[in-house]
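Here are some short exercises on helix packing and domain contacts, each with a worked solution. Have your viewer ready and try each task before reading on.

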Amino acid sequence: MAAAHHHLAAAIVPPLGFADLALPALVVCLVCLLGVLVLGTVATGRRRRMMIPAAYSLLALLVTLIALVLRGGLV
Amino acid sequence: MLQESRYREGYREAGWLFLSALTAPMVLGCFCVYLYRLSADGSAIAMGIVLLSAGLLACSAMVLFAGDPTISMVSSSVALLDSVALFTILLPGSGSVFADAAILFAVLVAAVLLYGRTVDLPSIGRTRLKESSVLIVLLLPVFLAVGEALFLGLRFWESYQLGRPSLLFVPLLALWGYVEEGLFRGIVQRSAVPLMGSRGAIVLAAFLNSAFMLFWGSLPYAIFTFFLGLLMGYLYLRSRSLMYVGTVHALQDTWLIIAYLAMGIAIH
């Protein structure tokens, strides 16, 4: 009942469902985050601030993936 | 003075070409996800992730190295879209679609708000609403919902296994309309106005919006989103109010879901 009740969420999150492996997702996320952080370190002022939202999204993804790994949802 | 003006004009034209090249990985990456949805081929999604990652890093480099700040600004908005697309691809797996939706929603809201606070977006002037705006916000969503239902087919969402409908979920769907408008109209369109002009910015935002909708694996849905994006972009240009276009979009989604619920289409 509960699962079917929540399936309307598929209208928001595309039902891709292939990110069950944590390692590839973590590697992609870390590479992108490191790239943005390195570029952000070189940048100054306004240009550095422009990179913050993208870095934040990747950081949020990293935290979520780590949380799912710790919870045992991913392998 | 004239020479400097011509130099800046030439630079902007080159920047437009650069921007086309920078948005290509985003669009192609979304198309790879679309191919994955059609074929379930793992290599398609791998290519999509590579393209989106490359696009993200290229846009970030463009933010840093572009001489014209207007190009940097658009690049930063496309970089945000790339990161959001990567987030959406890599997120599922918690076991609860509802939890995934809540996480994606929270991260997107925070990203949109963060962008508004950290990037000095160009001023578009004061909000300009007329008395007829009320009529538009009441009637247009109904027509759009009917139009979407007719364009996509009344049974379109059945292929998504929506399950037993929850009226409690309708408000979250409505809030999603605000987030979508904030991301594509409030950030992408607004950041592109100085570089591409109002019309170019509307088309760019609508195009990227429709590319993102390829994640749902439906070309008609993406095409409908493109035209919806053009309309919302025009409304945003006229009203200069994100809340206004967000309300129109939210009401359209709400009407659509209520219509589907009323017809019993989502019930299995």
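## Exercise 1: A helix pair across two chains

In this predicted model, A:Arg47, A:Met50, A:Met51 and A:Ala54 of α3(A) are in contact with B:Leu56, B:Ser60, B:Val63 and B:Leu64 of α2(B). Work out the class make-up of this contact and how the two helices are oriented.

**Solution.**
- Step 1: Sort the residues by class. The contact of α3(A) with α2(B) holds six nonpolar residues, one polar and one charged.
- Step 2: Find the geometry. Two packed helices are described by the angle between their axes and by the distance between those axes. For α3 (residues 45–71) of chain A and α2 (residues 42–65) of chain B, the angle is about 160 degrees and the axes are 9 Å apart.
- Step 3: Apply the cut-off. Angles over 145 degrees count as roughly antiparallel, and α3(A) and α2(B) are therefore roughly antiparallel to each other.
- Step 4: Add the handedness. The crossing of α3(A) past α2(B) is right-handed.

## Exercise 2: Another partner for α2(B)

Describe how α2(A) packs on α2(B), and which residues meet there.

**Solution.**
- Step 1: Take the axes. Helix α2 of chain A spans residues 22–42, and its axis comes within 9 Å of that of α2(B), crossing at roughly 5 degrees.
- Step 2: Classify the angle. With the limit for roughly parallel set at under 35 degrees, that makes α2(A) roughly parallel to α2(B).
- Step 3: List the residues. From α2(A) come A:Val28, A:Val31, A:Cys32, A:Gly35, A:Val36, A:Leu39 and A:Val42, and they meet B:Ile49, B:Ser53, B:Leu56, B:Leu57, B:Ser60, B:Ala61 and B:Leu64 of α2(B).
- Step 4: Sort them. Eleven are nonpolar, three are polar and none is charged.

## Exercise 3: Chain B and its domains

Summarise the fold pattern of chain B, then describe the contact between its domains.

**Solution.**
- Step 1: Count the elements. Chain B has eight helices and zero strands, giving the pattern α-α-α-α-α-α-α-α along the sequence.
- Step 2: Look at burial and contacts. Of its 268 residues, 48% count as buried. Among contacts in chain B with a separation of 6 or more, 72% join residues 24 or more positions apart.
- Step 3: Place the domains. The domain assignment puts 1–90 in domain 1 and 96–268 in domain 2 of chain B. Their contact takes 24 residues from domain 1 and 19 residues from domain 2.
- Step 4: Examine the domain 1 side. Helices α1 (2–39) and α3 (69–90) of chain B each supply at least two of its residues. By class, this side has 16 nonpolar, six polar and two charged residues.

Terms used: Residues numbered from 1 in each chain as written. Chains lettered and ligands numbered in written order. Predicted model: local features only at pLDDT ≥ 70, side-chain atom pairs only at ≥ 80, totals over all residues. Domains from an automatic or database assignment. Contact = placed C-beta atoms within 7 Å. Helix = DSSP H or I, 4+ residues; strand = E, 2+ residues; numbered from the N terminus. Nonpolar A, V, L, I, M, F, W, Y, C, P; charged D, E, K, R; others polar. Buried ≥ 20, exposed ≤ 12 C-beta atoms within 10 Å, placed from the backbone. Axes fitted to C-alpha atoms, helices over the stretch in contact; angles between N-to-C directions. Parallel < 35°, antiparallel > 145°, perpendicular 65-115°, else oblique. Left-handed = near helix turned anticlockwise from the far one by under 90°.
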